[in-house]
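Colleague: I have just been handed this one and have not looked at it before. Could you walk me through it?

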Amino acid sequence: MNGVVDNFSFVGYATLQAQLIKLTAKLRLNMEGRILWADDEIDLLKPHILFLQEKGFEIDTVNNGSDAVDMADETHYDIIFLDENMPGLTGLETLSKIKENNSNVPIIMITKSEEEHIMEEAIGGQISDYLIKPVNPNQILLSLKKNLDSRNLVSQKTSSDYQQEFREIGMRLNDRLDASEWADIYDKLVKWELKLENSNDQGMKEVFAMQKKEANTQFCKYIDKNYRDWINNEDDDAPILSHQLLSYKLMDNLKPGNDPVFLIVIDNLRYDQWKVLEPEITRYFNVDKEETFYSILPTATHYARNALFAGLTPLDIEKKHPQYWKNESEEGGKNMFEKELLQTNLDRHRKDIKMSYNKVIKLDYAKKLVERFNELLQNDLNAIVYNFVDMLSHARTDMEVIKELADDEAAYRSLTLSWFNHSPLKDMLKKISEKGLKVYLTTDHGTIRVNSPVKVVGDKNTNTNLRYKVGRNLNFSEKEVIVSSDPEAIRLPKENVSSQFIFSKESDFFAYPNNYNYYVKFYNDTFQHGGVSLEEVIIPWIELSAK
């Protein structure tokens, strides 16, 4: 195992260096373009113009706004410099006229005035930069780099920074990491994934994908080795698991007479999806705590969310509250009693408070819940489950148009952000913020994009989930799965003596041999949950206070 990782690190490091050299060369070549410069004192700017020409720029000059408008209509410019104080059309008037027909061209306003209202008007007119005279050539060059080549500059810096941390992450994957260290590794990987998402260096992205895959391989081995001790409270270094979350993180903050508290559970929300939502949410809230916890297995709603609300493992729910638990082979919804399970949890913690529970599946219900916001203020705790992200995951599997819209991980995150920005959840959070209230935001499990089929055989009573299977007569290759021949040993109900659970690892998914090719083609490159991966297991717990 160590040899594989060491070899991977060496090859990856060399690849990174080669990519960085290519990227730097490409950056030098890209620093050129065509500029229009409008200034009534253009003759005095000759040294600046010569300086930029030496840098590879082609520059056209005019000394009034009218000519600038005509030139911008006749010729494509990569960027335009406008003096604010020109005879005839002012710089602001010229800006407005140019933008009418050339809305996307970057315009840099240059002025002697530092008056605030001029700056505000220029910014409102969608300028790309604002410089105050006298300007020196390096100021001009910096502005050009920022506006014409910022993506390459960011890409270069990102590549350089990742190159430095790549080896460190690779070496840490060889260490005997504990749960908190694995959470830290995953946090670093998510942050690099988001940074590299905007990079134009495909080679660097491929190296990152290799490192993330290696991390998932080692993480699955770690879970296989330690999970049984965690779920049975036999490891002092165990992470917080789903059924322990509310006890450790919420219960102490629930007291009668305090301000209402909101617990918002976004089903199937990965840590990287939280990170793309964070800038929008922090417009209204401060992030007091950003932590992660570990989903129980299977990383599926029937198990993980019931455990989260009940504060009990699935086995304990079945034993203590059999009326609220349904096994895989039983008919009916498997998570229909979340409100009741949450109430038993509150009662067990002796929380004599008024609680409301709402599960949002349809848009109309979400809108009505926002309209009923004042009613929610009468409760000490408001638990709200939003199912959209989970439905998005399933829709991407079943609907070709959604699959095309969320073609890759970045697009999947983007679709999540687009949903949030146009959702009643955002309206709900605004109202909560306006009232100065506290929000606890979390999820039940994550999801992973699957691309590697694993054959499994089961009888007709075997469940349909692609990332875990439970049944009596399962036939599989043990090296390809994580297996529990005694479900009760990992605190899962056992329907009969020979029941066993198997969990898929990394980006694998289960497929039956009959009609194998059809199902492999149908489910390949879809987002699934229920198995073991960094994306499914390590999930966010966020504490928010109103700004």
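Modeller: We can go through a strand, the nonpolar cores and some salt bridges, keeping in mind that this is a predicted model.

Colleague: Let's start with strand β4, then. Is it buried or exposed?

Modeller: Strand β4 covers residues 107–111, and 5 of its 5 residues are buried, so the strand is largely enclosed by the rest of the structure.

Colleague: And which way do its residues point?

Modeller: I107, M109 and T111 point one way from β4, while I108 and I110 point the other way, and all of them are buried. In a regular strand the side chains alternate between the two faces of the sheet.

Colleague: Which strands pair with β4?

Modeller: Strand β3 (residues 79–83) runs parallel to β4 and is joined to it by 4 bridges, and strand β5 (residues 129–132) also pairs with β4 in the parallel sense, over 4 bridges. M109 takes part in both pairings, being the bridge partner of L82 and of Y130 in β5.

Colleague: What do β3, helix α4 and β4 make together?

Modeller: Together with helix α4 (residues 91–101), the strands β3 and β4 make a right-handed β-α-β unit.

Colleague: Staying with β5 for a moment, what does D129 touch?

Modeller: D129 is found in strand β5, and, not counting residues up to four places away in sequence, D129 touches I107, I108, M109, S143, K146 and N147. The side chains of D129 and S143 are joined by a polar contact of 2.7 Å. D129 has a relative accessible area of 14%, which is under the 20% limit, so it counts as buried.

Colleague: Changing topic, how many residues are in the largest nonpolar core?

Modeller: The largest nonpolar core has 82 residues, and those with the most contacts inside it are W182, I223, Y294 and I432. Helix α9 (residues 202–231) gives the most to this core, with 11 residues. As a general tendency, nonpolar side chains in soluble globular proteins tend to be buried together.

Colleague: What is W182 in contact with?

Modeller: Leaving aside neighbours within four places in sequence, W182 is in contact with several residues, including L173, F219, Y294 and I538. There is also a second, separate core of 22 residues, which includes L254, L263, L308 and V385.

Colleague: Now the charged residues. How many salt bridges does the structure hold?

Modeller: The structure holds 30 salt bridges. In one of them the side chains of K133 and D39 meet at 2.9 Å, N to O, and this pair links distant parts of the chain, with K133 in the loop between β5 and α6, D39 in the loop between β1 and α2, and their positions 94 residues apart.

Colleague: Which other residue forms a salt bridge with K133?

Modeller: D83 does, with the closest N and O atoms 3.4 Å apart. That pair also links distant parts of the chain, since D83 is in strand β3 and K133 is 50 residues away. K133 is buried at a relative accessible area of 18%, D39 is buried at 1%, and D83 counts as buried at 2% relative accessibility.

Colleague: What about E197 and R413?

Modeller: Their side chains meet in a salt bridge of 2.6 Å, N to O, which links helix α8, where E197 sits, with helix α19, where R413 sits, 216 residues apart. E197 counts as partly exposed at 30% relative accessibility, whereas R413 counts as buried at 3%. Salt bridges that share partners join E193, E197, K212, R270, D272, E409, R413 and E535 into one network.

Methods
Residues numbered from 1 in each chain as written. Predicted model: local features only at pLDDT ≥ 70, side-chain atom pairs only at ≥ 80, totals over all residues. Heavy atoms only, no water. Buried < 20%, exposed > 50% of the residue type's maximum accessible area, 1.4 Å probe, protein only. Helix = DSSP H or I, 4+ residues; strand = E, 2+ residues; numbered from the N terminus. Pairing = 2+ DSSP bridges. Right-handed = clockwise from strand over helix to strand, strands pointing away. Core = buried A, V, L, I, M, F, W, Y, C linked by side-chain atoms within 4.5 Å. Contact = heavy atoms within 4.5 Å. Polar contact = N/O pair within 3.5 Å; in protein donor to acceptor, adjacent residues only side chain to side chain. Salt bridge = Lys/Arg side-chain N within 4 Å of Asp/Glu carboxyl O.
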